[in-house]
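This report describes a protein–DNA model, beginning with the fold of one chain and moving on to the pairing of the chains and the surfaces that face the DNA.

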Number of protein chains: 2
Amino acid sequence: MRWEPGAKERLQAAALDLFATRGFERTTAAEIAQSVGLTERTFFRHFSDKREVLFHGQELFFQAFIDGASAAPPGAAPMEVVASAVSAAAAFFPDERRPLSRARQSVIDKNPALQERERHKLAGLATTVADALRARGVSEPAATLAAESGATVFGIAFAQWIRDGEQRSLADISADVLREFRNLC
Amino acid sequence: MRWEPGAKERLQAAALDLFATRGFERTTAAEIAQSVGLTERTFFRHFSDKREVLFHGQELFFQAFIDGASAAPPGAAPMEVVASAVSAAAAFFPDERRPLSRARQSVIDKNPALQERERHKLAGLATTVADALRARGVSEPAATLAAESGATVFGIAFAQWIRDGEQRSLADISADVLREFRNLC
DNA sequence: TGACTGATGTCAGTTACAGTCATCACCATA
DNA sequence: TATGGTGATGACTGTAACTGACATCAGTCA
């Protein structure tokens with residue numbers, strides 16, 4: 001074979017590694033590429049920008065979220081649908097995945113530009129869920145409201161799941177956060 | 001006087017203008033600066049990055065939001081505090097301001113990088129409000145949940161206020177959205 | 001065998017930003 | 001009035017994030 005396979009995955013792993021040790025801003029795209037025997041140009045063929053190397057591959061998670069929404073019984077109230085989506089998404093992060101998620105999040109938490117991208121992705125997810133809700137007949141602004149709330153709930157639960165010393169599963173935590181949310185209004 | 005005063009404001013006005021006509025990406029920082037008789041270097045002295053020229057000056061709005069939160073009676077429920085904050089923030093955007101807000105938003109809506117920044121700013125606001133709630137004795141995750149919900153409600157109301165043909169005041173719209181939110185769970 | 005494809009390399013170019021030093025009206029103060 | 005400080009700016013230089021165009025060449029398939 002002419003090239004080592006899995007260029008994208010190798011780049012992602014190397015990037016996480018370098019970001020963790022040298023920091024995001026002090027690591028160049030060329031360095032990441034070089035560390036796996038590729039060139040900067042190839043890096044940017046796989047990822048539209050430098051930040052994206054940390055965020056690629058979330059499509060499956062997003063899909064789980066959406067599928068969870070679709071799995072709700074027809075006629076369910078908007079927040080029921082969202083609850084179903086959050087719970088499906090939580091199942092997407094088993095405990096084995098926690099260490100890697102922690103490493104990744106620790107990099108993100110140290111860089112505003114990465115936080116910005118993370119928020120943006122979550123916002124995109126909310127938009128997609130809102131579309132799904134609207135397709136179910138939920139009207140605005142309830143659809144957007146519910147979808148954004150779902151993203152918020154998941155985000156808070158995820159942050160807690162990642163926290164040092166936290167032992168509970170993401171599913172348990174997000175159920176708790178959802179309960180608190182319902183308690184709010 | 002040695003220089004024309006109000007360099008920052010002139011840069012912001014010129015930037016909005018150029019972004020609207022040529023588009024954000026097709027406008028360089030040097031062009032913006034040159035169009036008001038300054039240099040690129042001076043542009044970046046006033047704004048930490050190119051996107052920021054559209055977002056600077058929101059501190060007053062943020063402060064209004066926070067002040068609104070503080071104005072809530074002691075012992076008020078989290079969502080009461082948030083409602084007070086949203087209402088104070090809405091008052092910050094009188095109808096005269098709508099055309100300018102529209103022009104600005106139309107630029108932002110056309111560029112993902114700008115949307116990213118806008119989300120990030122709103123997220124920062126939510127964080128600040130969450131701090132304020134915590135200082136009032138609200139515990140986690142209720143504080144973050146309520147704060148993020150407030151930001152979401154405001155964001156949705158603002159988007160509606162900006163929409164073509166919309167006549168109602170931002171205060172009216174956000175009261176409606178808040179009502180819908182309470183209806184949700 | 002030969003055309004074709006797809007992932008890569010190479011090279012050149014633009015632009016967002018940052019560091020550093022010089023400039024020079026204005027202001028205070030002696 | 002002289003003198004020294006200050007603050008906003010300009011000029012110059014450098015780095016790195018991206019982009020477009022073109023070349024390469026192993027594997028594949030007609």
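Read from the N terminus, the elements of chain A follow the order α-α-α-α-α-α-α-α-α, a total of 9 helices and 0 strands. The model is a predicted one, and every value below is computed from its atoms. Taken along the principal axes, the C-alpha atoms of chain A fill a box of roughly 55 × 35 × 30 Å.

Among the helices, α7 can be checked for its span in chain B. With 24 residues at 1.5 Å a residue, α7(B) should span 34 Å, and its end C-alpha atoms are 35 Å apart, which agrees. After α7(B) comes B:Gly137, which has a positive phi near 100°.

The loop between α7 and α8 of chain A holds A:Pro141, and the peptide bond that leads from A:Glu140 to A:Pro141 is cis, with omega near 0°. In chain B, the loop between α7 and α8 (142-162) holds B:Pro141, which is joined to B:Glu140 by a cis peptide bond with omega about 0°.

How the chains pair is the next topic. In general, two copies of a chain are related by a rotation about an axis and a shift along it. Here a turn of 180° and a shift of 0.0 Å along the axis lay chain A on chain B with an RMSD of 0.1 Å. That is the relation of a two-fold axis. The copies meet through the same surface, because 100% of the interface residues of chain A are also interface residues in chain B.

Chain A gives 22 residues to this contact, and chain B gives 22 residues as well. On the side of chain A that touches chain B, at least two residues are supplied by each of α5 (78-91), α7, α8 (142-162) and α9 (170-184). The largest share of that side comes from α8(A), with 8 residues. By class, the residues of the side of chain A that touches chain B are 12 nonpolar, 4 polar and 6 charged.

Within this interface, one helix pair can be described in detail. Two packed helices are described by the angle between their axes and the distance between the axes. Helix α7 (residues 112-135) of chain A packs on helix α7 (residues 112-135) of chain B at an angle of about 100°, and their axes are 9 Å apart. Angles of 65 to 115 degrees count as roughly perpendicular, and α7(A) and α7(B) are therefore roughly perpendicular to each other. From α7(A), the residues A:Glu116, A:Arg117, A:Arg119, A:His120 and A:Ala123 meet B:Glu116, B:Arg117, B:Arg119, B:His120 and B:Ala123 of α7(B). The residues of this contact of α7(A) with α7(B) divide into 2 nonpolar, 2 polar and 6 charged.

Which residues come closest to the DNA? Around DNA strand C there are 17 residues, of which A:Ala7, A:Arg41, A:Thr42, B:Asp49 and B:Lys50 come nearest. Around DNA strand D there are 17 residues, and the closest are A:Arg2, A:Asp49, A:Lys50, B:Ala7 and B:Thr42. For DNA strand D, the elements that give two or more residues to the nearby surface are α2 (29-35) and α3 (40-46) of chain A, together with α3 (40-46) of chain B. For DNA strand C, at least two residues of the nearby surface are supplied by each of α3 of chain A and α2 (29-35) and α3 of chain B. The table sets out the helix that gives the most to each surface, and the classes of the residues there.

| Surface | Helix that gives the most | Residue classes |
|---|---|---|
| near DNA strand C | α3(A), 3 residues | 7 nonpolar, 4 polar and 6 charged residues |
| near DNA strand D | α3(B), 3 residues | 7 nonpolar, 4 polar and 6 charged residues |

Notes:
Residues numbered from 1 in each chain as written. Chains lettered and ligands numbered in written order. Predicted model: local features only at pLDDT ≥ 70, side-chain atom pairs only at ≥ 80, totals over all residues. Least-squares fit on C-alpha atoms with pLDDT ≥ 70 in both. Contact = placed C-beta atoms within 7 Å. Axes fitted to C-alpha atoms, helices over the stretch in contact; angles between N-to-C directions. Parallel < 35°, antiparallel > 145°, perpendicular 65-115°, else oblique. Nonpolar A, V, L, I, M, F, W, Y, C, P; charged D, E, K, R; others polar. Near = placed C-beta within 6 Å. Expected span 1.5 Å × (residues − 1).
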